[in-house]
Amino acid sequence: MQKEYQTITEISGPLVFAEVDEPVGYDEIVEIETPEGETRRGQVLESTSEFVAIQVFEGTEGIDRNSSVRFLGETMQMKLTEDLLGRVLSGTGEPIDGGPEIEPDEERPIVGEAINPYSREYPEEFIQTGVSAIDGMNTLVRGQKLPIFSASGLPHSDLALQIARQATVPEEEEGDDDEGSEFAVIFGAMGITQEEANEFMDDFERTGALERSVVFMNLADDPAVERTVTPRLALTTAEYLAFDKGYHVLVILTDMTNYCEALREIGAAREEVPGRRGYPGYMYTDLAQLYERAGRIEGNEGSVTQIPILTMPGDDDTHPIPDLTGYITEGQIYVDRDLNSQGIEPPVNVLPSLSRLMDDGIGEGLTREDHGDISNQMYAAYAEGEDLRDLVNIVGREALSERDNLYLDFADRFEEEFVQQGFETNRDLEETLDLGWELLSMFPKEELNRVDEELIEEHYVEGESAEAVEAEE
């Protein structure tokens with residue numbers, strides 16, 4: 001039986017406090033009816049035998065002491081069906097695309113259940129994003145959580161759209177006449193502007209990516225509280241499609257910084273003791289509850305892979321949000337301001353970027369036998385070229401040896417030909433690795449000390465620069 005109260009004592013930001021005569025369940029869903037007859041939904045954030053704190057999804061404007069509070073006796077549920085593919089939903093899971101109401105096959109709590117560690121299957125199967133800097137140098141594998149670290153003003157949204165549009169599971173694609181129908185994208189946007197939302201939707205519709213996607217949209221002018229619900233709705237949908245329907249699901253969450261700002265706002269309204277830089281002390285636990293919902297389950301065909309995107313405040317990767325994210329996830333992709341100013345698209349800096357599971361997802365039988373060696377050699381050569389750029393600023397190119405100039409040329413070509421590909425270009429892995437060999441062929445064979453000799457004999461095509469160095473020697 002639903003109990004109704006007219007005992008609101010205080011309204012603070014997104015929170016409503018009400019007196020009760022018996023304990024109410026944590027996370028229980030609440031309906032608040034204003035004197036004008038409008039109904040708002042909320043969720044119990046704190047509960048004692050005497051009062052409850054309720055976070056209101058649609059904002060507290062219009063709610064006063066005369067409003068009535070009704071406890072529904074259940075936690076928030078997500079309506080689940082395979083027909084969600086192709087739909088656009090609000091940050092609270094309601095359709096906003098003008099389509100029909102959702103007819104669910106079932107409903108599940110959005111909090112989800114932790115994957116039993118014993119049942120987890122180790123991620124080791126390649127996901128192709130079509131972006132050379134990721135596929136070739138920081139490979140994404142099924143079940144991984146690989147965040148993108150960006151900053152204000154950088155084109156992380158364009159990169160997110162490119163991945164959402166291009167991502168495929170290659171072996172699924174080969175044997176599937178339905179153009180990779182076993183692959184789905186869940187796109188959860190939190191705190192984005194209306195302009196960004198329009199760009200996202202235009203791109204999804206123009207490219208046809210919407211057909212295999214479920215989009216959740218929480219805009220900047222939507223209540224902050226809704227932002228804490230959006231990723232949980234998205235992940236509940238992903239788990240249903242992956243573990244019940246056998247899809248390989250890629251979840252893209254943008255922007256996790258807006259999510260954490262919402263946590264801070266709610267914490268301030270509750271007068272909690274703040275942690276680092278004013279963020280709640282439990283932010284690590286909260287983020288882990290989201291990120292750890294990625295993975296594979298033994299004996300199950302489906303998988304949930306996550307790419308959370310966050311903008312580092314002040315370009316600072318020691319800020320609590322990227323710092324805590326880095327502890328929980330398996331690597332990071334850095335979007336670089338200097339590369340962006342040079343017009344490189346996408347401006348991914350491979351040197352600080354890392355995919356901790358890459359070595360387990362590449363090589364013979366997984367991608368290509370030369371993948372690991374190419375990646376290691378290009379990384380080493382680019383790193384040396386970057387170091388030499390600092391030296392050139394002091395002594396000039398004329399003071400460097402022919403070998404050093406070769407590494408400088410490689411660094412330039414690596415950025416201009418390998419990293420640079422535009423946001424509309426989709427490169428498959430074969431193209432990426434062949435391009436890598438083309439660049440490495442600038443060097444004499446003896447410089448390729450990270451590549452197996454048999455692979456050099458098979459793939460190496462000696463370039464003009466290499467011949468010039470050998471002639472000089």
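This report describes surface patches, salt bridges and buried positions in a predicted model.

## Surface patches

Two patches on the surface are described here, one nonpolar and one negative. The nonpolar patch covers about 280 Å² and is built from Leu391, Ile394 and Val395. Val395 belongs to helix α12, which spans residues 371–395. The relative accessible area of Val395 is 41%, so this residue is classed as partly exposed. Residues enter a patch with over 30% relative accessible area and no salt bridge, and the 41% of Val395 is in keeping with that cut-off.

The negative patch consists of Asp158, Glu195, Glu199, Asp202, Glu205 and Glu345. Helix α4, residues 194–207, is the main contributor, supplying four residues. Glu199 is located in helix α4. With a relative accessible area of 44%, Glu199 is partly exposed.

## Salt bridge between two helices

The count of salt bridges in the model is 36. One of them joins the side chains of Arg232 and Asp286, with an N to O distance of 3.4 Å. Arg232 sits in helix α6 (residues 230–243) and Asp286 in helix α8 (residues 283–291), so this pair ties together parts that are 54 residues apart in sequence. Arg232 and Asp286 are both buried.

## Partly exposed salt bridges

Arg270 and Glu272 also form a salt bridge, and their closest N and O atoms are 3.1 Å apart. Arg270 has 24% relative accessibility and is therefore partly exposed. Glu272, at 22%, is partly exposed as well. Buried means under 20% relative accessible area, so neither the 24% of Arg270 nor the 22% of Glu272 meets that limit.

A further salt bridge links the side chains of Glu417 and Arg413, at 2.8 Å from N to O. Both residues are part of helix α13 (residues 402–419), where Glu417 and Arg413 are four residues apart, or about one turn of the helix. An α-helix has 3.6 residues a turn, so residues three or four places apart point the same way. Glu417 has a relative accessible area of 26% and is partly exposed. Arg413 is partly exposed too, with a value of 25%.

## Salt-bridge network

Some charged side chains are linked beyond a single pair. Arg120, Lys145, Glu292 and Glu330 are connected in a network of salt bridges.

## Buried positions

Thr139 lies in a loop, between α1 (132–135) and β13 (140–141). Its relative accessible area is 0%, so Thr139 is buried. When neighbours within four places in sequence are set aside, the contacts of Thr139 are Phe126, Ile134, Gln144, Ser355, Met358, Ile362 and His371. Ile134, one of these contacts, falls within the range given for α1. His371, also in contact with Thr139, falls within the range given for helix α12.

Helix α8 has the buried residues Met283, Asp286, Leu287, Ala288, Leu290 and Tyr291. Asp286 is the α8 residue that forms the salt bridge with Arg232 of helix α6. The elements covering the buried residues of α8 include α6, along with α7 (256–269), β19 (303–311) and α9 (320–328). Helix α6 thus appears twice in the surroundings of α8: among the covering elements, and as the helix that holds Arg232.

Note on methods. Residues are numbered from 1 along each chain as its sequence is written. This is a predicted model: local features need pLDDT of at least 70, side-chain atom pairs count only at pLDDT 80 or more; totals for chains, interfaces and linings use all residues. Side-chain values use heavy atoms; hydrogens and water are left out. Patches are made of residues with over 30% relative accessible area and no salt bridge: like charges are joined within 9 Å, nonpolar side chains (Val, Leu, Ile, Met, Phe, Trp, Tyr) within 5 Å. Accessible areas come from the Shrake-Rupley method with a 1.4 Å probe; for residues, only the protein chains shown count as cover. A salt bridge is a side-chain nitrogen of Lys or Arg within 4 Å of a carboxyl oxygen of Asp or Glu. Buried means under 20% relative accessible area, exposed over 50%, partly exposed in between (1.4 Å probe, protein chains only). Lys and Arg count as positive and Asp and Glu as negative; His and the chain ends are not counted. The place of a charge is taken as NZ of Lys, CZ of Arg, CG of Asp or CD of Glu. Contact means heavy atoms within 4.5 Å.
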